[in-house]
Amino acid sequence: SYTLVVEYSGERSTVKLSLSKPSATLVTQTPLYLTSRGYGDIVASVKNPNAVDLELNLDARPPASGNSSFMEFAEVPRRVTLRPGENNVRLSFRVVGPVVRSSGQLVLDLGGEPLAVPFTVEPASLAVTKASFDSSRNMATVEVNVQPASLQVQVAVRGLSGEAPVPLSTYYAGYVSVQLPSYQVRLTARPVLVAPSWVLASVTASVSTAGSCPQYPVSYNVVVSVNDSTIGTASFLCGASASLESALNLTSSPRGARLLLVANREPSWSTELEVVPPAIRASLSEWVITDNGSLVSLEVRVEGPHKYLLMGREVSNETLLFEERLPQGETRLLVDTGFESIEVRMPAVELLIEAPEVVLYPSPVRLRILVNTSATINATLQLELSGRPAGRLPVSGRGRVEVSAEVTPLEPGEVGVAVRSWFAEGVRRVYYVRVGGVEVRAPPLVL
């Protein structure tokens, strides 16, 4: 308790002030398990039960080893102010020497009534018990065993190697060092289906560690991407391997390509995919000529080391039969396979008309029409006399086809005989003559 004398304008008054003693507990768990690289804070919770602020002297007494202390406090304030209610007093420290079992205390003094907050320190050992690496975060998660506290603490290390502080309560017991072996990716690839402008490739990635493994178990989760396309996550233990297989659609060319595949943007983790274009040979199976046009049957032989997508069909060293209809007047078939264009022309059609040069009126003119072609004809020929329709002649067959016909011109004269269709024509001149009389002259007969 305190007696206060107050004087004002000649008046004097005495006030008796009674204060309750603060209480304190240690927030930081004790004992502190420390190595020679420990650091952090010691936190005490101090309760001020009074309705007024209290100002106390503060003294930090670190634990010692012999005559010297192995713990050093940083910037300890000489006095602290406690507001009514709960207050935290936080002092930062670091270990500056070998740690031994010892004790220290924080002392709060209010007018000769010290309040001691003791703590103890135990030397600790830190050992990594297992680790796991996640390439998506580029982070290693490490399990650390703290002895003699028998605690398991998890810490994180950026990348595959480095140091990490080990947290305990409000401080760090020290550091653990991690050196995990790196991993490597080996790529293989083969074409599954080759189209003119793209290739579907089967890509296999084999992921394993490169280097010796530590004594504790290490697991890896490695995300593998090929040409910036993720194909999966490989999970494996140090010393083992894992394989990923995926299909990738890659841009190619009708002329083929050599494509470079790179895993995780690492040039040393690459392979080359060779895309060979197909060899395409076309042969005409049949060309059928009709009045309306043509029906073309084409055999296309496709050869190559891959499976190819050709005109909507998947083929591998096989012959395809294509049928195409062409309109009347079209004598060329152009097939675009995507890899190359195939052009097939209609076989030549030769049309000949055989007829006497002179025919006596009113006898009919006998015609013999010859059609010669390697195509198949199933069509009709238009017969004309001097430009006027004179009948229709059906023609069917292949090779040399012969058709006979008779026509009678309307009157004597020079007659143009024509046989034509959209695919061929023949013209012949015939003299259709009338006999007005017959005069016979002979030398006299001498007996």
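In what follows, Ala, Val, Leu, Ile, Met, Phe, Trp, Tyr, Cys and Pro count as nonpolar, Asp, Glu, Lys and Arg as charged, and the others, Gly among them, as polar. Welcome to this predicted model, in which local features need pLDDT of at least 70, side-chain atom pairs count only at pLDDT 80 or more, and totals for chains, interfaces and linings use all residues. Residues are numbered from 1 along each chain as its sequence is written, and side-chain values use heavy atoms, with hydrogens and water left out.

Let us start with the pocket. A pocket here is an open set of points on a 1 Å grid over the protein atoms alone where a 1.4 Å probe fits, with protein on both sides within 12 Å along at least five of seven lines; lining residues have an atom within 4 Å of a point. The largest one has a volume of about 260 Å³, taken as the space filled by probe spheres set on the points. Its lining of 13 residues has L385, S386, R388, P409 and L410 nearest the centre. By class, seven are nonpolar, three polar and three charged.

Next comes the disulfide, a pair of cysteine sulfur atoms within 2.5 Å. The count is one: C213 is joined to C238, with S to S 2.1 Å. The torsion about their S-S bond is about -95°, so the disulfide is left-handed.

How accessible are the two cysteines? Buried means under 20% relative accessible area, exposed over 50%, and partly exposed in between (1.4 Å probe, protein chains only).

| Cysteine | Relative accessible area | Class |
|---|---|---|
| C213 | 36% | partly exposed |
| C238 | 17% | buried |
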